[in-house]
Structures are given as C-alpha cells and as structure tokens.
Amino acid sequence: MSEEVLRLPAEELYREELEALIAAEKNPVPVGWRMSPRSVLTYIMGGKVGGKTITPKYMGDKRIVEICIATLVTDRALLLIGEPGTAKSWLSEHLTAAINGNSSRVIQGTAGTTEEQIRYSWNYAMLLAHGPSFDSLVKSPVYTAMEDGAIARIEEISRCASEVQDALISILSEKRITIPELSEEVAARKGFSIIATANTRDKGVNEMSSALKRRFNIVVLPAPSDMETEINIVSTRVAQLAEGFRINAELPDRTAVERVVTIFRELRGGKTLDGQIKLKPTSGVLSAAEAISLLVNSMALAGSFGSGKITDSDLAAALQGAVVKDDAKDKAAWTEYLENVMRKRGREYAGLYAECRERNE
Amino acid sequence: MAEFYGVRHFSPACAFYVTELLERIKPQLVLIEGPSDLSGLIAPLCSIETCLPAAILAYTEEAPVRTVLYPFAEFSPEYRAMKWAAENGAEVRFCDLPSSCILAAQEESIPENKQNPSGEVSVYSRLEELSGLDNDSFWEYGFECCENYPDFIAATEEYGKSIREFSENDPNNTLREAFMRRTINEAEQSGINSDKIAVITGAFHTAGLKDAPFSAEDKAMTEKLPSVGSKATLMPYSYYRLSARSGYGAGSKAPGYYEILWKNRLAGHLADSSAEYLARLAAYQRENGYSASSAEVIEALRLSETLAAMRGGKMANLADLRDAAVTCLGHGSFGEISLACADTEIGVKIGSLPEGTVCTSLQEDFTRQLRELKLERFRKASGEELELDLRENLRVKSEKSAFLDLNRSFFLHRLRALGIRFGEQLCRQQDNATWAELWRLQWSPETEIEIVEASLSGDTIAQAAELTLGKRLLETESLAETGDILSEAFLCGLSDTVKTAVSAVQRLAVNCTSAADSGATIGTLSSIVRFGSIRRIDTGAMAPLMQQLFLRFCLELPTAAVCDKAAAEELVTAVSRVNDACLSHDFLDDDRLNSVLYELSDSDTANPLISGFACAVLMERGKISAEKLSELISRRLSRGTPPGEGALWFEGLSRKNRRSLISRLSVWEKLCEFVSGLDDEEFKPVLVCLRRTFSEFSPSEKADIAENIGEVLGIPRETASEFVTAAVTDEEKQALDELDDFDFGDI
C-alpha cells in the first residue's frame, strides 16, 4: 500500500528507527509514552542506537527540541510558533510519532473550525434513532487523545475563531470534557497533552487570548541558523521536486542556489551575511520553502520557454516576484538592496544585478 | 606538606567550602594565586568598609599604559580565603608572579593569555564532546549544586587533575607555577610548619603544584624575571564590568545569578536559588509594566527542573532557568525578558572602597598626558586660551612634537566626551578652517572628582572615552544622535569607536524614515570627510555610508516633503546640507538628487516652501531651463494657487542665490502681477509672508529689488528706491502692528 500513498505518516516512514529506539531503551519511560525523553531527543536530532543510525529529522538547535520534550514531560501543552516554513508541523508530527507512535490525531485549524471539532459531535442518524448515548457520539481527535492518554495536534491554532480557541482552555486546565447531554464526564488519562502550531505572520488574524496562551509553553522555531544547512535543505528539496514534476531543465548549480539563499537570508535577517550592512526587511517571508519554489519555478521557466538552463534573467524575474510583494515599500527595499549590496558584490553578481535592476525600474 | 585547595574563580560553591577547609586546618599562612608584589592591598580589600565587587589594578607608569586587573566579588573563593585569614589572625599573601612581571611580559608582546591558555580551550571542547554539556553547564550540574564537603573537595581535585591531564601546559603557565612553587618553598623554609600553610589556586594549577617539589630548574627560571615600573591601586568594580570581561578567571558571566547562589548557600537553602531567580525575573517584569503571574513562575520552575533532569543535573542551572523563563515568562521570545535577565543575571551592583585607598589610573593618566602634551601650565583655577594648529608641524623632528597640537585636541575632546570639565571649545571667529581650534582651559576641584567618577569606565582617558561613547551608541536609537556621536568619536581620534559608530549609523539608516534626520547625518558625515586626513583617521568607510544615506534621502524626500511648515523648515535645512555635500563629494550621485528636486519643484502636493527651495537649488546648479522656471513662477503665483502658498513658495525660492533672482526681471513682473491681483483679504497673509521673506535681504539687495519693481510699474528708479528705504510712517506702523494680531494659520 505504501507505494500508492502520496505521503506516509512519520511513524510508518520511520518505523524501524522507532522500534530500534524502543528496543534499546534504558532510561525511565513516562506514563503513556513509548520511550524515554532522551530517546525522543535522539529520534528527532539523530544519532546511533544499537548499531542503527537514526536520521536527523530536525536540523537546528538541539536545545529547542529539549525544551519541547521537557514541556510535554511536565504535562504542559506545547505551542510552536514560527515563520511559515520553519518545520513547525514537521516537528510536531515527529514528536507525536515518537512519543505515542501515532501522529494522526490532528485538527487543522481554519476559519471554519467549530467547537464540535475540538470536543465532540453527534452522529445524527444514530442520535435520532437511539437517542443520546456514547454510541452516537463522534469523538474529536482531542477526545480520543484524552481517552488514550496521548498527544493531540492542533495545526494553525491562530486561524481558529476565538470561541473555538476558548473551548481549549477548559480542556487544558481541567483536563476533562463534560458531556451534558449524557451527564457524563471524560477525564484525561496520564500522558494526554496538546501540541499546537501557530504562524507568526498570522498574528492578529485571531489573536490568541492570554488565558489560552498561559496554558501553553511557547517555543519559537527559528529559520535555519546557518547558510550551509539552508543551501543543503534547498538543493536537496529542489532536486526531489524537479524529479517529481519531470521538469525538462538542468538543476540549478551551486552558485545559483547560493545566490538565492544569500539574498533570502540577507533580506530575511535584515543585514548582510558579514553583518556589516543593515537592510530593510521586506514584507514577504522569504523562507527556505519559498527559495525552493522560486528555484523550481525558474527551472520550469527555463525548461519550457528557455534554453533549459537557468539564466540570470530567469532568476531576476523570479526574485522580483518573490521579494516585491507589497507596493512601494518592498520596491524601495529591493532598490536599496540592489544598490547598496548587490552592486558592490562585483563581477560575479554583475549580470544578475543588471537584470534585477532593469526589472525593478 | 602544605594543604592545597584548587578553586574555580567566582564559584560560590568553592567560596563556601574554602572557608570550611580553612576552618578545619586552621593554617598560619594562606597563600593565594595573585600578584605577589601586591600583598599589601589585601588588608584594605578585606577592610570592613570595603564593599565588593572591587578589583586590584596594576598599571605601567610609562605610556602607553598597560593594565592588569584582578577583580573580586563577594563570592570569590580567593576573597573568602583572605577574609578568613584576616578574621582569624592568620597571615595571608599572594604567591603568583608579580604584576610588574606580567606587565613586562605584555610589553614583550608575549601573548598574554594566562586566563585562557590554548590547552584549556581544547580540554573544554573535549569535555563538551564527552559529556554533551558545555563547560559552564558541566560545572554547574556537577559542582555548584553539591552540598557535601568531602564529596566536593574530592570532586574538585579530580576535576583539576583531569583538566590538567588533557591539556598542554604553555610556557606562561610553567613559569607561573615555578614561581608559585618557589614562594611556597620560601614559606616552608621560613619556619612555618608546612602543615599549617594553605595554598589556594585555580584547580588547574593545584595539580601542578602539589605533585612537583621546588626544583633547581624552577629556581633558574624564576631567578631573573622581566620587570617594568608599575603601580597598583584598588578600585571599585561593577558587576557590569565583571560580566563584560569574558573568559575563565577574569570575569563572571552572570555575577548577579552567582550572588543568588551564594546567598542561598550561606543561608542553607541552596535549592531555593532557582525559585529566587525566576521570581526576580517576574518581579522585574511586573515593575516594568508587563504581566508575569505566579502560575508562570511555577511552570517555569517545573520546566527548568525537567530540563535539568533530561541532561542529568540535580538542580536547574542558569541555562535551564533562562530557557524555561523564555518559554514560560517570555512567551517564547527572549526579547520580552532580556532586560529582566540582564538585571537579574548581571545586576547593577557597584563596589565602594574606603576613602584614601583609591588612586585611579585614570587620574595618573590625566597627569601624565598633561605633562606629555605640555599642558601643565593650564592646571590652574584661572582660565586661559589655547590655540591649536592641527596640521603636522614640519619644522620639528620627532613625530610626537609634530603632532603635538593634534594630540592635544584629541585629549581635550576625549575629556569633553567623558564629561570632565577642563577644556571648553570656543568658536573661531574669522574662518571655519578645519585645521584650527580654539580652547579655553580651566582647572577646578570638580575636574578631579569628575575624573574619579569616569574611572569606572576605563583605565586610561582614551579607553574611558571609547567606552563612554560606545555606551552612548548602544543607548541611542536616533540616527541624528548617532551621527553626532560618530563625529565626536572622530574628533576624539578613536578609530575603533568611529568604526562602531559607522556601522551603527548604517544600521539605523535602514529604518530611518525621516528625511530630515538622514539629511542632517549626511551633513555631519560630509564635514568629517572634509576634514580629510588632518585628524589621521581613515574616513574611507564614510563614502559608502554617505552613498547609502544619500540614496535613502532621495527615496524618502518626495514623501516627506508633504508636510507642515515646521517640518518643511527642517527639510529645507536638510536639502541644503545634502546639496552642499553633493557639491563637495563626487561620489554622490548628482543626477539622482537633481531628478528628485525637479520632481519636487514641479509637485503641487509637496509643501510650497520646499518646492520653492528645490527650484532655487536647481536654479543655482543651472539644471532648470528659463522656460520651465518662468512656467513654474507663473503657475505658483497665479490666481488658481491659494495666495498664502504662492507667497510661501516665493519664500523658498528666495532662500538661495538671491542675486540671480534679482537679475531676472521676469520674476518681478510675475510677482507684481500676483500682488496687484489680490483683494484685501488675500493681501494680508501674502504681505506677512513676503515681509518675512524680504526681511532677510540686505539693504542693497532691497534697493535693487525696488529698482526692478520700479521698472515693472514704470516708476523712475530713484523714486522707487526712496520709497522702499524711507522710514516707516506712523500710519504704516499702525497697519503693521495690526498684522501682529493676524492669525497665521498654517503659513
């Protein structure tokens, strides 16, 4: 079956690694967990267990993952915050895969998410036929997680309307759901917790109430910390995607990737890589994920309409689109970047500079 | 054999157990790792009036001044040992190389990295590899939370041994240990029972001292030590400076936190330290208007304990506490609690010393510089003027005297930057030559006090000035102010600060949306560049910075120009400064400015004053055609434009190159037409504006204008001139007075 499935859940993909870790467990395992906090850390950050190599799932600060795991040990809920494309959902999926062996208890937060989706709803056919009973109850992922003493995930929590967010408050503080229709109460078993993710760019869409925030330990996930990591991430993913889409163009060479990543990192960080010049940030996110799609687009352009090799002109067009998103402000920032930074980079960048400048006029 | 005890500097646990150790062995003599020639300073340091942190400072007598510092805090094991000795009547001495020798070694430019020899660096990274913990965490988990005397002593000994085993000893350390062995040997020879000698050194050295007896080799090595004339003093120290000096031994990263550990350990409830740390953060947050609930503190405490447990620690260490605080109190961002962290981890404590014990090196440096710069005769209460010629004096031989005046200028500017009132710069009247300065020097007792106050910032005047300006740079967020600091650093001849300031200006320039500020900064930078090499500081970095600011200015100006009268005045000044800069430096893009000004001169939305001024600049540069100018004048002074605006525009136009304006008859024709076309109500505001405009013209210019107007109206030039220059009659005066009540609105 795995051949036909577009995307396997983490616990299926890395089943062998998880089993090796469980088999080699030496440290005490918290109630409701499948392995000790240290093994979870090894699973996420990579390492070696009993002759088996564990691949790193998250490339970044080990300390951040330690804080996440420690939070879940203390039965607190965890809120991962970060720019789009900083592996929030990725990390939450792998944490639940390692801790519970089940990463599928997910609620996707949207503007249309209702309170029932957080708590429970009814199977109306059953309800009408048999009246209210546990059988006619449709349990939400949070409900089942409470029953099983496991971790539920809520994606993009800040996209939910505030009444839906508020439904979580009582769940997180009382650790129980009341079902007034049945005069029953379901108490969470040990091990229950919630991992939520939220996007910093969505701040203000549905600002989380401080009452809810207080019930979470908040961990901010940063963008890839160093250039080398980001270039690696970008070129690996571009190669994977290009293969999948069967794009008829050469892969971008290292210089092209390096340039895009350099420009993105500099604009995102608000300063040049050597820290000498501060820059005005743009409104776009310019995450690693965006660098990947930019390069794939340039490849598609070059493959379909060009020579099959990415030229400065293709790159400039894609950059213009990625950087200048919002009216004059972005344009001014981009002009300043071109004039103050790229122009002074010398001959290597001369071609790209000329193309970008022309497009930005 | 003597009792050896290896410590880690600024470790509260070591400080606690050193007292216990001394209490147990009751030595007659305590030897401490410290400069052996400065044992005399131990008594004042242990005096009851002394409040720590304080430092022993040794410095060379001759310029260039080099210094070596030995800071102590309440929880320094060395200080506790001294204190014990002082209270229990034991003799106490320093046993390391004399400070004069260390200063001499600095002079020979032997890399003086005694605090952090390369061997130790590698051993710490090895430690990190093995334990997965950084050096500080390893120490805090393993030692700082230990509450058992024998365990602790055994563990530190093992620690010192292992560190030594895995690191190479550098020659500097070999020499120091040879000297310490010699001192110990001498003490033993002097008749004190060797069991009654306690030797307190860094744990790294203990192993080297304990297992190696004093040898002939040591004797040969320490026979002839280099030495340099030096002096030493005690000085008050601050936690801030303690934390700013990184590196093993010389400072402590978080003195405030270590003090919490120390106090709680003394009180017998070490485990409360974590809670105290977090509670203090929360208290700071509340005091400063942020919310921080007890629930959050409790959660942070739980999280920090789990984090410690995950890494194998018994008690949360500083890193755990801080990370937990960021997660729970800071809601994920360090920025939210960074100030609270600085306040709790570092603190603002400043030591104090009994009167008479301080002779700061800054005072010495001041006297020495007065002597060297031949300024001693100005050290008197009556003021005297001093004229400086900053150019190189080619008639003298030595470089020192060739640049005497320049160095004097640096010195006086630095004093001014430090807030030490000694010299006051006067304006030179006749020209603004960059090579000349006029000062008035006056000495007062306040000067001396101000020097002592400034001594907390540094050990020499140059260093203190550098630190003070650096601090101001960190504090300010305003571009114009940063520009001023840059120019001050330039005047002080502090090239490093100039560099820092240049990058600060660069940093702020990016977010500066005020064209007035960036214009002012361009002006400041331009005047620095125009100094050229006379101050012997490289101004190369300024050009790209000016280009950047210039670009920013040009991009912001059109938007900024839509503003009220007050802002317009500022902008006119800015445009004029940028224009001057543009004329004096080729590296600024003239065309870009011209096109922006052209756009402004033609814009109906920009403030008319700026439009007029832009037009005047273009006229001066010859970048506007006669037709265009005449078109603009007609439009601005036509019936369609509100009269107040027209008059304001004219005011802007006449701010520059009046002569060429006067010589254009067409301008005056248009103006006459404009004025005569106004009705009474419209005339009043225009009159106010025009009167203000013409008040800045000189009498001869006024006469010429009158002549022009006379020609336009067909009046003989003499009559016109007479009419303009005649005294104001009572009737006119009354009319003018009435105008005083005129509501200016937004003109």
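**Exercise 1. Which residues does B:E3 touch, not counting residues up to four places away in sequence?**

Before we start: this is a predicted model, where local features need pLDDT of at least 70, side-chain atom pairs count only at pLDDT 80 or more, and totals for chains, interfaces and linings use all residues. Residues are numbered from 1 along each chain as its sequence is written, chains are lettered from A and ligands numbered from 1 in the order in which they are written, and side-chain values use heavy atoms, with hydrogens and water left out.

*Step 1.* Look for contacts (heavy atoms within 4.5 Å). B:E3 touches B:I25, B:S194, B:D195, B:I197, B:A198 and B:V199.

*Step 2.* Check one of these partners along the chain: B:S194 sits 191 residues from B:E3 in sequence, yet their C-alpha atoms are 8.1 Å apart.

**Exercise 2. Place B:E3 in its strand, then find the strand's partner.**

*Step 1.* B:E3 belongs to strand β1 (residues 3-7) of chain B. Strands here are DSSP runs (E, at least two residues) and helices are runs of H or I (at least four), numbered from the N terminus.

*Step 2.* Now the burial classes: buried is under 20% relative accessible area, exposed is over 50%, and partly exposed lies in between (1.4 Å probe, protein chains only). B:E3 comes out partly exposed at 32%. As for β1(B), four of its five residues are buried, so the strand is largely enclosed by the rest of the structure.

*Step 3.* Strands pair if DSSP finds at least two bridges between them. β1(B) has five bridges to β6 (residues 197-202) of chain B, and the two run parallel. Along that pairing, B:Y5 stands opposite B:I200.

**Exercise 3. Describe the interface of chain A and chain B.**

*Step 1.* Count residues: 27 from chain A and 31 from chain B take part in the contact.

*Step 2.* Get the buried area, meaning the accessible area (1.4 Å probe) that two parts lose on being put together, summed over both. That's about 2,600 Å², with 56% on carbon and sulfur atoms. On chain A's side, A:R63, A:K278 and A:E336 supply 23% of the area buried against chain B, more than any other three residues.

*Step 3.* Find salt bridges (a side-chain nitrogen of Lys or Arg within 4 Å of a carboxyl oxygen of Asp or Glu). The rule gives four across the interface. In the bridge of B:E299 with A:R76, the closest N and O atoms are 3.4 Å apart.

*Step 4.* Ask which elements of chain A contribute. α3 (37-45), α4 (62-73), β11 (216-221) and α15 (327-340) each supply at least two residues to the side touching chain B. The largest share, seven residues, is from α4(A).
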